[in-house]
Amino acid sequence: MLRFILTRVSLVIPTFLGITFLTFILIRLVPGDPIEVRVGERGIAPERLAAFRHELGLDQPLWQQFLDYVGHVLSGDFGLSLITHNPVLSEFVTLFPATLELALCAMLFATLIGLPAGILAAVKRGSLFDHGVMGASLTGYSMPIFWWGLLLILFFSVALGWTPVSGRLDLVYYVEPVTGFMLIDTLMAGDYDAFRSALSHLILPTIVLGTVPLAVVARMTRSAMLEVLGEDYIRTARAKGLADRRVIGMHALRNALIPVVTVIGLQVGTLLGGAILTETIFSWPGVGKWLIESINRRDYPALQGGVLLIATSVILVNLLVDVLYGVLNPRIRHAR
Amino acid sequence: MKRILLGAGLGMAAALALTAPAQAAKTLVYCSEGSPENFNPMLNTTGTSFDVALPVYNNLVQFEHGGTKVVPGLAESWTISDDGLVYTFKLRAGAKWHSNADFKPTRDANADDVIFSFERQWKADSPYHKVSGGAYDYFNDMAMPKLLKSIEKVDDLTVKFTLNAVEAPFLANLAMPFAPIMSAEYAAMLLKKGTPEKLDQVPIGTGPFQFVAYQKDAVVRYKAFEQYWGGKQPLDNLVFAITPDAAVRLAKLKANECQVMPYPNPADIEAMKKDTSILVQEQEGLNVGYVSFNVTKKPFDDVRVRRAVSMAMDKKAIVAAVYQAAGVPAKNPIPPTMWSYNDAIEDYPYDIERAKKLLADAGYPNGFETDLWAMPVQRPYNPNAKRVAEMMQADLAKVGVKAKIVQYEWGEYRKRMQQGEHQMGMLGWTGDNGDPDNFLYTLLGCEAARPGGNNLSKWCNKEFDDLVVQAKRTTDIAARTKLYEQSQVIFKEEAPWYTIAHSVVYMGLAKNVVGYKMDPFGVHRFEGVDLK
């Protein structure tokens, strides 16, 4: 098992280097540098421009800048944001819990609904329920997130007044961030009204962010289940006279879960990507919104650091999924 | 594990004790459009960042609420020497500084604070000059380093500014967001602690609202400053809820999650005006979008061609189609909200026949070929330059002028336009200090006609230049107004620009908000605002 994990980890290093290189190059390919974006139509005197570029190291050859950057990152230094002049790492750490909290809720929402819906659809294949689930998940999968978010806001928040429009917490509450997870912080503060407020603020963004993964999980569970249900050992189990619940719950589900776990793991990337839109709509102070601002302002260090740190978390989750595979399916862990 | 939890729990209880109940007090929530870069307007160039600092700070002088006139701020009065070179400011006695957990002021605002605030931006040897990146764009843009000769403390409450040259807009410059007065005592304390950058993140000022907290990308909180020299504000708390999406801001306003929202979607404005639960305010922005004719290049060296082209393009249709409710056709280079705007001037009519005749007179009976540059980005004074260019292109074809649309990346675009590489090209300007000089001299004076200068048309008209230079050297507003009015007449006759539009800016307010005035500079101020 340990060897299995070590092999996996060693594969992570080139991935990191690749991501670092890509973000570094891509943001520099976008026209306009941070200083020119800042000065707009009024322009800047050439000597001041040169001085700033020198100070930020932008006058160095690209390879030099890249090597410097990698060197700093390896020593844990992600640099200072060009805009706020705060350390990129500390900005990320402040904002990431908000993104994570939302992503976890969305994942939970997608799994708790998607898994049973997929199983039921498979078991009742061809039924009205099956068609309903498949139709709904196709719709969910193709839903433009921005439109979907605004629609829910207009209906539930403006017309019905059931949920707050945006933000993480009603403004009358002020809870000192400890973990950065609003649900936990409000509970730790013992402020149950604030907790309820935080919960109600989570509902719409969770639905919006969870819609695509929900659709994916439901479809994946259904097809994996269908495949497994057609296997010989299921027929054997049934022939043995086992109860339906036992056949599906014990024999079929465990085997069907393997591809589903993969998909859930892969959805983490989708969730963090989707978070950029969801966070913008719901004014959610997470890393997605922060990255968008960084692109607009050409805040190179913030963008590079942010993408790298997000990539790290996606890679870690995938690693976790790989390990989980091993737990679910001993053949995988012994294969290497 | 239990112990850790207990510790955290105790910490929480302490944090809870600090939590201020905000419910009973009068709280106004402003749905701001973005996150501030920091809380020091010396370092910033965006309205979003200026907005968060405005409640906290005072300048020596400030713009009157809702106007461009300069009125007393931290300085209660000032005198200008006869030669126009020396400005002596008398500071308000007893102007108190805010305080916070780390800083308790021991004295009121005085001349040392003024000198510290300007020297930070001006003198490379100020210990704060390099803090937080040290880019003082506006201070440099307004040519302050060139203009300032010395700043001296006469006594605790008197400061003397000496200039190198007479510059009438100087006073207005001091009212701009880049010139707040900061506490030298607070700065020294932070420097001693080794955290000078906190000066730009946890602001201490003398303004109407005191900074309470900023949760990154989410909320900025202020409370009214009880000892404010102008009296305590009607509001008790001011909250900025950062809400980047315009449709969501509107939803929040409707759900009463905020009471003031800026920048609605132009498409929503009609519906907002019909909504009885919302007040809509509108005002022309302090800006202008225009097409520059490069007078150093053929055929635009001929004034008849410039006039003909001006008459060939249907301004009303362009503004209606592209700007919709968010713009008004422009006839002068300065916006209508600015003093000395010459309303007597008549714009060139849309008249294809006259345009054709003028072109024929100029020797182009069959028209000509030209380029037509369009910015690649959306700007306040031009929401879609490409679309404007396409409409112009179609109009020009009717008089035989073939225009080819040219676009570059934004930074490159500006640089090339400033070099004068275009024949016809679009750009615009947003006013800084509310002074006509900031448009007429900065964008149309001879000094700016050099390659790389902001006079994109490279139009240097002696008569016009004499007027605007003379206006710069005169401190009497009435006399300056006359000079500027006259200069606008010459501008129109000579037609170095085709003025397109001034933007119209909208604000959505809840019905119970009183005393909110839109600011011509496009910033958002909450002094004197109340909730019914």
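**The chain A–chain B contact and helix α8 of chain B**

In this predicted model, 43 residues of chain A are in contact with 48 residues of chain B. On the side of chain A that touches chain B, at least two residues each are supplied by α2 (34–39), α3 (46–55), α5 (88–123), α7 (145–159), α11 (244–281) and α12 (287–296) of chain A. The largest share of that side, five residues, comes from α7(A). By residue type, the side of chain A that touches chain B divides into 20 nonpolar, twelve polar and eleven charged residues.

Turning to chain B itself, there are 17 helices and 20 strands, and the C-alpha trace spans about 90 × 55 × 45 Å along its principal axes. Because a compact globule of 532 residues would have a radius of gyration near 24 Å, the 25 Å of chain B agrees with that expectation. Of the 532 residues in chain B, 52% are buried, and among the contacts in chain B with a separation of 6 or more, 71% are between residues 24 or more positions apart.

One element of chain B, helix α8 (residues 246–254), has seven of its nine residues buried, so it is largely enclosed by the rest of the structure. The buried residues are V248(B), R249(B), L250(B), A251(B), K252(B), L253(B) and K254(B). What covers them includes β11 (260–262), β12 (278–284) and β18 (497–510) of chain B, together with α7 and α11 of chain A; both of these chain A helices also supply residues to the side of chain A that touches chain B. Just after α8(B), N256(B) takes a positive phi of about 55°.

Note on methods
Residues numbered from 1 in each chain as written. Chains lettered and ligands numbered in written order. Predicted model: local features only at pLDDT ≥ 70, side-chain atom pairs only at ≥ 80, totals over all residues. Contact = placed C-beta atoms within 7 Å. Helix = DSSP H or I, 4+ residues; strand = E, 2+ residues; numbered from the N terminus. Nonpolar A, V, L, I, M, F, W, Y, C, P; charged D, E, K, R; others polar. Rg over C-alpha atoms; globule rule 2.2 N^0.38 Å. Buried ≥ 20, exposed ≤ 12 C-beta atoms within 10 Å, placed from the backbone.
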